[in-house]
Amino acid sequence: MLCSSDSSDFYGIELLVLTGTTEHPVTIQRVPARTSAVEGPPVTIPAQELGRLEILAGQGRVRSIIRCHGQEVMALAGPHAIPTLDASPRRDERTPVCLDPGTYIHWESGIAVIANLATSTRITVPGEVVAQLLGPHLPAWQAQLLLHAGVLQKGPTPAGEPGRWWSFEELLSYNRSRLGTHLGEYGGSYTRATAHGSIPEWTDGSEGAPACEPEPVVAAGRTLGECLTNRHSRRDHSAPPASLSEVAALLTRSAHATPCDPDPGQGTALYSLPYPAGGALDELSHYIVVNRGVHRGADLSHSVFRYDHLSDAITPVAVNAAACDRLCALYARMGMIPPDELQYLILVACDFPRLSHKYESVAAALMYKHVGAWMQTASLVAEDLNLAVCPLGGGPADILDSLFTEATTTTSGPKVVGEFVVASRPAAESAGYAAAKSDRRTP
Ligand SMILES: Cc1cc2nc3c(=O)[nH]c(=O)nc-3n(C[C@H](O)[C@H](O)[C@H](O)COP(=O)(O)O)c2cc1C
């Protein structure tokens with residue numbers, strides 16, 4: 001891409017500073033272009049004003065709108081929101097530029113959003129202007145803005161790669177959750193609660209179904225030290241199946257939610273949980289998929305139950321039987337367990353809006369951390385309940401959509417973010433507890 005250095009069509013900048021939730025225009029003192037040799041824009045920002053604005057921009061509180069002939073052509077928000085146009089290239093210079101390898105573009109309501117994974121600057125461009133930005137005749141002043149924001153780099157071809165050991169997408173999700181390369185606010189800002197209101201409701205169709213009457217479950221009474229020392233992933237599902245009540249007891253002890261005082265500012269319900277969770281919002285829910293299981297002597301195979309965090313009730317959920325079979329086969333394979341031996345699969349689903357109504361930038365990272373915290377808690381509880389458990393690493397994004405017969409309002413409904421297989425232990429292993437580390441395997 002070449003940029004032409006004709007800046008004659010440059011019109012002007014409007015700077016807006018965010019105070020609270022309102023944007024206020026900033027009056028920029030007009031200063032003539034510095035020298036006749038440099039093709040400067042009609043305005044520059046005096047140094048003393050620039051310092052203050054740059055601090056505010058670094059806090060994400062400045063947005064600049066660039067207009068040509070009265071038409072908005074670009075808006076910049078974030079640390080590069082203050083355009084540095086006072087050193088534009090000479091009129092006849094033709095500078096080759098190309099997209100930085102970390103740059104990406106996506107659409108939001110007909111507006112192109114241009115961003116780069118190395119910065120938290122966000123550039124919005126009206127749909128009809130975006131082709132010009134990516135085309136061969138980019139005006140020099142626009143190229144300069146995009147170079148400054150890290151969206152373009154000098155040279156005819158990209159100079160580097162995002163990373164040999166990290167893909168673009170991996171770096172993107174990591175950087176966006178880290179302070180400085182995040183987008184929007186950082187942490188518990190309640191931005192989306194303010195913008196979109198209350199957390200959306202969803203249903204899985206289990207409402208009103210009679211809960212299963214649990215059988216008593218006796219724990220071994222092992223110490224925390226014993227559980228920590230002996231915990232390991234156990235994949236032997238060959239024994240007669242554990243009871244549904246044992247799996248329910250595992251969830252009661254690892255995921256029961258006790259309501260505590262609501263958030264004093266927003267009134268959001270908060271919960272005390274057996275595992276640490278940022279925000280204490282209890283966004284994780286658990287489903288038990290039975291491949292081979294029993295309840296009160298009855299065969300339960302190929303059924304699904306929802307665990308209620310508050311009441312500990314286990315309630316059947318109507319599911320698509322073929323999807324349920326496919327899931328069991330998939331996760332048996334993933335856990336290296338013979339498909340006809342697999343006993344129980346726990347799906348951990350996240351009600352993401354519960355997290356994202358409060359947290360911005362860190363919500364997805366928090367969700368994954370919480371799954372890990374629950375997995376360790378459940379692994380230790382499983383030691384005490386004599387259950388064999390193994391966490392699993394992933395699976396399809398649309399599990400619940402294919403599993404539930406009742407629609408879960410797909411975009412805002414829960415998504416599976418963790419999986420865990422559960423089984424009874426072979427009698428010999430339960431008996432010789434301390435010595436049992438025999439079925440270790442690394443996938
Ligand atoms: C988050 C997570 C994901 C995992 N994913 C898989 C998996 O997809 N397949 C599998 O067979 N084991 C999986 N495991 C089990 C690990 O392979 C196992 O924990 C690891 O080998 C360490 O062994 P240990 O748990 O006995 O200490 C996973 C474990 C964790 C914590």
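This report describes the overall make-up, the nonpolar cores, the strand pairing and one cysteine of a predicted model.

**Overall make-up**

The chain contains twelve helices and 23 strands. Of its 443 residues, 36% count as buried. Among contacts between residues at least 6 apart in sequence, 72% join residues at least 24 apart.

**Nonpolar cores**

In soluble globular proteins, nonpolar side chains tend to be buried together. In this chain, the largest nonpolar core has 67 residues. Those with the most contacts inside this core are Leu-250, Ile-288, Val-289, Tyr-344, Val-348, Val-421 and Val-422. Helix H10, which covers residues 363-384, supplies the largest share of this core, namely ten residues.

Val-289 may serve as an example from this core. When neighbours within four places in sequence are left aside, Val-289 is in contact with Val-304, Cys-324, Leu-327, Cys-328, Tyr-344, Leu-345 and Leu-347. A second, separate core has 28 residues, including Met-74, Val-97, Leu-145 and Leu-147.

**Helix H10**

Helix H10 has 22 residues, and the distance from its first C-alpha to its last is 32 Å. This span is close to the 32 Å expected at 1.5 Å a residue. Asn-386 follows H10 and has a positive phi, near 60 degrees.

**Strand E23 and its partners**

Strand E23 comprises residues 415-424, and nine of its ten residues are buried, so the strand is largely enclosed by the rest of the structure. Two strands that pair with E23 are set out below.

| Strand paired with E23 | Residues | Direction | Bridges | Residues standing opposite |
|---|---|---|---|---|
| E20 | 344-350 | antiparallel | seven bridges | Ile-346 and Phe-420 of E23 |
| E22 | 387-392 | antiparallel | six bridges | Cys-390 and Val-421 of E23 |

In a regular strand the side chains alternate between the two faces of the sheet.

**Cys-212**

Cys-212 is found in the loop between helix H5 (191-196) and helix H6 (224-230). Is Cys-212 buried or partly exposed? A residue counts as buried if 20 or more other C-beta atoms lie within 10 Å of its own, and as exposed if 12 or fewer do. Cys-212 has 17 C-beta neighbours inside 10 Å and therefore counts as partly exposed.

Apart from residues up to four places away in sequence, Cys-212 touches Leu-244, His-295, Phe-305 and Ile-314. Cys-212 and Ser-245 are 33 residues apart along the chain, and their C-alpha atoms are separated by 8.8 Å.

Note on methods
Residues are numbered from 1 along each chain as its sequence is written. This is a predicted model: local features need pLDDT of at least 70, side-chain atom pairs count only at pLDDT 80 or more; totals for chains, interfaces and linings use all residues. A nonpolar core is a set of buried Ala, Val, Leu, Ile, Met, Phe, Trp, Tyr and Cys residues joined through C-beta atoms within 7 Å. Helices (H or I, at least four residues) and strands (E, at least two) are DSSP runs, numbered from the N terminus. Two residues are in contact if their C-beta atoms, placed from the backbone, lie within 7 Å. Two strands pair if DSSP finds at least two bridges between them. The expected span of a helix is 1.5 Å times one less than its number of residues.
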